[in-house]
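Biologist: Could you take me through this structure step by step? I would like short answers with the reasoning shown.

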Amino acid sequence: MSKDAVRRALGFIRAHRNPDGGWGYRPGRRSLVEPTGLCLVALAADGERTDARAGLDFLRSCRKNSGAIGIDPSDPEGSWMAYAAILAFDALGASDEARRLAEWTLAMEDASGRFTADEVSSIAMTYRYDAAIRGWPWTPGTTAWVEPTALFMISLVKAGISPEHERLKSGVRLLVDRRVRSGGWNFGNPFSQSQELEASPLSTALALAGLGAAGYSVERAAVREGLRYLSGALGGDVSTVALAWSGLALSCYPLEGPERPDPVARLAALQAGEGGFRDNLFETALAAIVLSDPARLVLTAGRAG
Amino acid sequence: MSGAALTRRAAVRALAAAAASTFPVTFSACRREEDRPTGKPALPVALLPCADYEPVTLAKALTDGWAATAPPDVRGKRVVIKPNIADFSPDRPIHTDARLVEALILHLRGVGAGEVIVAEGPPHNRDTEWLFRQTGYEDLARRLGVPLVDLNHDDVRAVRNANPRAKALRDLYLPESVLSADVIVSVAKLKTHRFAGITLSLKNLFGVVPGIKYGWPKNVLHWNGIPLSICEVNATVRTRYSVVDGVVGMEGYGPILGTARRAGVLVMGSNSLAVDATAARVMGVDPARVDYLAMAQTIELGSLRSEDILLTGAKLADVRADFVLPPGFSALRAAPRK
């Protein structure tokens with residue numbers, strides 16, 4: 001069942017590769033680094049080489065002299081989509097390129113150094129987080145948030161950067177600091193003025209996957225409470241992409257028993273007849289990875305030492 | 001209290017003056033003939049009582065308001081409706097009500113629009129599938145056969161910022177669905193905003209800035225300065241018509257955590273600044289004290305002055321509902337009703 005679902009998903013991906021070697025978010029749309037990177041990771045496990053070579057060439061065309069990678073060849077700046085390129089380079093054995101991009105990522109600045117002590121103190125009072133902790137922003141030089149921090153952590157560990165690296169340890173600190181106190185994560189504002197902001201399944205799944213990639217223990221309160229929130233949220237309306245990231249996040253932690261949610265079965269049921277998920281190539285690639293082998297993105301619980 | 005107000009007024013004046021240097025008033029890309037009230041007929045804005053979201057109520061208000069406000073000719077054209085879907089809560093009216101957008105789609109089809117598209121790029125919740133479903137837009141799009149576009153993940157293209165002195169956003173990446181539109185209709189929610197004071201048609205255009213380039217919550221716009229970013233985006237992407245959903249708005253700690261406030265009106269017109277100034281007055285806010293509205297006035301995106309606005313429909317005094325303002329924004333309050 002799962003094997004057939006993955007085969008059909010990969011067929012959908014192959015059918016919608018653009019002439020430039022990349023993929024857009026949807027069939028026929030312009031190639032971008034994030035969907036291209038994930039499609040390449042999904043295809044890599046299938047022993048794909050022809051599509052992979054063209055896809056890698058597309059990613060290389062997006063590189064800047066600084067070592068960064070933009071969202072597409074025309075983008076003059078570095079982008080958060082570098083995480084997907086790192087994963088693709090790593091999955092396809094282009095380890096030198098993965099390492100160079102990882103180095104750029106490790107040097108990427110967020111806004112933590114731009115805040116004055118007064119601003120850090122004011123943010124702590126109003127929003128209850130520590131703006132001095134370094135994480136990763138969506139665009140260089142701006143504020144770090146939960147989701148790009150988690151995405152970069154996943155890709156860096158996959159590319160061989162040790163979770164003991166100071167930058168990754170700081171990423172873990174940021175994720176733990178930004179959690180919603182009643183459990184889970186939103187985009188990165190746990191509190192505002194006098195009210196707690198709500199967590200969301202997508203942000204929580206990403207944060208848990210990021211922490212899981214960095215080997216953060218299930219025994220820690222942030223993880224336990226995050227898993228509890230996610231288990232509850234998965235009982236309600238959850239999007240395709242949140243289900244996929246939830247499947248990935250849960251694979252990081254050794255949970256058993258009847259209360260363990262099963263987003264993967266629910267995800268598989270969303271596949272359309274032609275093999276895609278929501279007619280979205282990024283989501284299809286992510287679903288294919290989760291349905292076949294989440295260990296291609298994160299250290300799964302069964303494989304932990 | 002008055003000291004605080006004076007300080008704020010002085011700050012707004014200083015900001016407007018600074019705008020002249022960061023955002024020259026003389027650049028032509030920003031100006032449209034219809035936005036220049038001097039020596040021309042006043043900018044028409046309609047203030048329509050609208051007690052609820054029933055289709056009949058909305059249809060009448062939209063038809064009356066459209067006819068009274070020199071609307072754009074949409075016949076055969078591709079019209080993009082940009083609602084505000086900042087987030088979703090079952091308890092708080094954060095988003096533009098989908099029933100209003102449904103009535104607007106039917107109205108636009110009725111006046112001959114060639115194609116109508118609904119498009120939004122939510123600012124911080126990346127889960128657009130979930131947001132579109134929860135807010136009723138997914139269902140609306142399916143029922144009416146209208147494309148529903150996630151602007152955060154649309155194809156994008158860099159265009160030159162209309163502000164020739166722009167720094168952080170010299171080239172502004174924008175979605176193709178927006179760039180290829182013949183007519184953009186901003187359909188905002190009448191809300192307070194913890195950083196900007198109030199959020200209406202002009203601020204609503206932050207949602208056209210694509211997340212794939214600028215991230216969530218589009219933090220580049222904040223680091224660039226919210227008033228300047230609002231003006232740069234609106235000078236570059238010109239809205240041809242604006243509708244503000246004030247049937248039920250949000251007061252207090254908006255735009256997400258505020259509380260529902262019924263104002264029972266729609267505010268409509270073809271000049272966003274004039275519409276926003278009128279909507280601000282409905283909220284009991286002096287628009288001249290709102291940083292980004294003052295800056296928009298300085299760069300001639302239209303006018304916020306009462307004397308430049310031809311108001312039709314309800315009388316302002318009859319619908320004014322002094323919204324509770326966010327902390328730190330009490331100086332925006334207009335003079336009390338006479």
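The questions below go from confidence, to the interface, to one residue.

Biologist: What is the mean pLDDT of chain B?
Modeller: This is a predicted model, and pLDDT gives the predictor's confidence in each residue. In chain B, 88% of the residues reach 70 or more. The mean pLDDT of chain B is 91.

Biologist: Where in chain B is the pLDDT below 50?
Modeller: One stretch is residues 25–29, where pLDDT stays under 50. The model has nine contacts for residues 25–29 beyond four places in sequence. Another stretch has 23 contacts beyond near neighbours in sequence, and its pLDDT is also below 50. That stretch is residues 1–20 of chain B.

Biologist: What ipTM does the model score?
Modeller: Two scores are given for the model. The pTM is 0.94. The ipTM is 0.95.

Biologist: How much area do chain A and chain B bury between them?
Modeller: The contact takes 39 residues from chain A and 30 residues from chain B. Arg30(A), Phe187(A) and Asp237(A) lose the most area to chain B, together 18% of what the chain A side buries. Carbon and sulfur atoms hold 48% of the area buried between the two chains. The total is about 3,100 Å².

Biologist: How many salt bridges are counted between chain A and chain B?
Modeller: Take one pair, Asp155(B) and Arg29(A). Their side chains meet at 3.3 Å, N to O, and the cut-off is 4 Å, so the pair counts as a salt bridge. Between chain A and chain B the count is nine.

Biologist: Which helix gives the most to the side of chain A that touches chain B?
Modeller: Across this interface, 23 residue pairs are in polar contact. On the chain A side, helix H6 (117–127), helix H9 (201–213) and helix H11 (240–250) each supply at least two residues. With three residues, the one that gives the most is H11(A).

Biologist: How many residues on the side of chain A that touches chain B are nonpolar?
Modeller: Sort that side into classes. Ten residues are charged and eleven are polar. The nonpolar residues number 18.

Biologist: Is Ser201(B) buried or exposed?
Modeller: Ser201(B) lies in helix H7 of chain B, residues 201–204. Its relative accessibility is 0%. Buried means under 20%. Therefore Ser201(B) counts as buried.

Biologist: Which side chain makes a polar contact with the side chain of Ser201(B)?
Modeller: Beyond four places in sequence, Ser201(B) touches residues including Ser186(B), Ser242(B), Ser272(B) and Asp276(B). The side-chain polar contact is at 2.7 Å. The partner is Asp276(B).

Note on methods. Residues numbered from 1 in each chain as written. Chains lettered and ligands numbered in written order. Predicted model: local features only at pLDDT ≥ 70, side-chain atom pairs only at ≥ 80, totals over all residues. Heavy atoms only, no water. Helix = DSSP H or I, 4+ residues; strand = E, 2+ residues; numbered from the N terminus. Buried < 20%, exposed > 50% of the residue type's maximum accessible area, 1.4 Å probe, protein only. Polar contact = N/O pair within 3.5 Å; in protein donor to acceptor, adjacent residues only side chain to side chain. Contact = heavy atoms within 4.5 Å. pLDDT = per-residue confidence, 0-100. Buried area = accessible area lost by both parts, 1.4 Å probe. Nonpolar A, V, L, I, M, F, W, Y, C, P; charged D, E, K, R; others polar.
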